[in-house]
Structure formats: structure tokens, C-alpha cells
Amino acid sequence: MTHHLAKEMTWQKQHRQTFLISHFFLLISFFSFLIFMTSCETDNMYSSAYCRFTFNASLYPSSALTRALGSTGGDFCIVKATMRNGVTHLLLTPNRGSYAQTDLDLTMNTAITGERISYEGMGYQKGLIIGRSLYGQLRCYDLMCPNCNNDYQLQWSDSQPLELTCKKCHRTYNIDGEYGYVKSGDKGRALTLYRNVNYSPSNGLLIVSNP
């Protein structure tokens, strides 16, 4: 009887160990899947469009974009490139603040670091949103709505300085934190981010590049 009880206890112990080991590997698989899915979702936030935008803030010290770059947080600027009389202009639309017209319409006829800059490579349709989140993080988003096939421009919300709206799909995006998530409207993709955004206060040079 004692021998039988000992065998029974040994079997139960082995069964319990097998149960724990199997559940351990299930948990590992589950968390690995979550990490994989999170990684995929994060990667999907980054743009696949070609971008090579260079701006020298020291040449335009009072512009809306320069102020956004030097902000401690909460200042952004829509940046669009357009050609006028054979000269490229950067049209800036800040999310807040008052500016002279010359600080919102920049004539880009000055060479930067010894070379003329092309403004054709500015994301999907030559429009970016550049600035700093409330936490001071430098961010650059594409201006096109990611849920409208990147062919419809976003606009600043009339009520909130850190929100953008799409007049086509009626989504509202919030950019106060690390990502531009959908705040209201149908669920969908967050705003498209650019991964390589570098600004050097010492020389005023901003470079946004992709890939």
C-alpha cells in the first residue's frame, strides 16, 4: 500500500511538473507573439516614402519651423514645398502662435552646406509635420492621412493645437505624445512617422531622411 502511494505521489509530481513546463512555454509563446505584433504595429507607423528634407534654422531664425525645433514641447509646424516663379517656397502653418508673413513663407534660394537642395523628396506629397511633443521629443510626421491612401492632407484642428483632422475620413489625430494616434472617428492607422530626424542646435541644421 505504501509502495502504491509512493508511486501515485511520484506520478502526481511528474504530472504537475509537466503541466507547469507546458504552461511556461505557452506563456513564452504568448508574450513572444505580443512582442511580434507590437513590433509589426510600430514598424507600420514608419513611412516607406522617400524623404530627404534639409533645413537650416540659423538662416531663418524667426520662422515658425525654427521656433518649433527650439521648443521645449508642444510646438509643431506643417511644412509644404511649392514652386513659385522657378523658386522653391516653404509654406509653414504652425499649430499656435502669431508670426509675420515672412516667417510663414520662406524663400529657399540659399544654398545649404554649399549645395542647392531639392524639395521634391518630402514624403508622399511634399508635406511634413515637424515639431516637438509635449515631452520635448522631436517628431516628423507625413502630412497625408494614412487612412486615406496618403492622398489627402491633414489640417490643424480648430479647437486643439495638438490635434490634426482629415476632412475626408473625419478622423482626428493627437500628436501630444510619442505617436500620432487616432483620437476620434473610425479606428485606423496612426500617423506616419519618419524614423531619421536629426537636429543640431549648434549649427541649426535639420535633416529628415528616409530610408
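**Exercise 1.** In this predicted model, find how many bridges join strand E2 (residues 76-84) to E5, and in which sense the two strands run.

*Solution.* Step 1: E2 and E5 are joined by five bridges. Step 2: the two strands run antiparallel. Step 3: for one pair of facing residues, take Lys80, which stands opposite Gly127 in E5.

**Exercise 2.** Identify the bridge partner of Ile130 in E6, and describe the hairpin of E5 and E6.

*Solution.* Step 1: strand E6 (residues 138-142) pairs with E5 over five bridges, in the antiparallel sense. Step 2: within E6, Cys140 is the bridge partner of Ile130. Step 3: five residues lie between the strands of this hairpin, and Gly136 has a positive phi near 85°.

**Exercise 3.** Decide whether the faces of E5 are covered or not.

*Solution.* Step 1: count the buried residues, using the cut-off of under 20% relative accessible area. In E5 (residues 127-132), six of six residues are buried. Step 2: sort them by side. Gly127, Ile129 and Gly131 are on one side, and Leu128, Ile130 and Arg132 are on the other. Step 3: both faces are covered.

**Exercise 4.** Name the residues that touch the most other members of the largest nonpolar core, and the element with the largest share of this core.

*Solution.* Step 1: this core has 29 residues, and Phe53, Phe55, Leu90 and Ile130 touch the most other members. Step 2: the elements that each supply at least two residues include strand E1 (51-56), helix H2 (64-69), E2 and E5. Step 3: H2 gives the largest share, four residues. Step 4: a second, separate core has 17 residues, among them Tyr141 and Leu154.

Note on methods: Residues numbered from 1 in each chain as written. Predicted model: local features only at pLDDT ≥ 70, side-chain atom pairs only at ≥ 80, totals over all residues. Heavy atoms only, no water. Buried < 20%, exposed > 50% of the residue type's maximum accessible area, 1.4 Å probe, protein only. Pairing = 2+ DSSP bridges. Core = buried A, V, L, I, M, F, W, Y, C linked by side-chain atoms within 4.5 Å.
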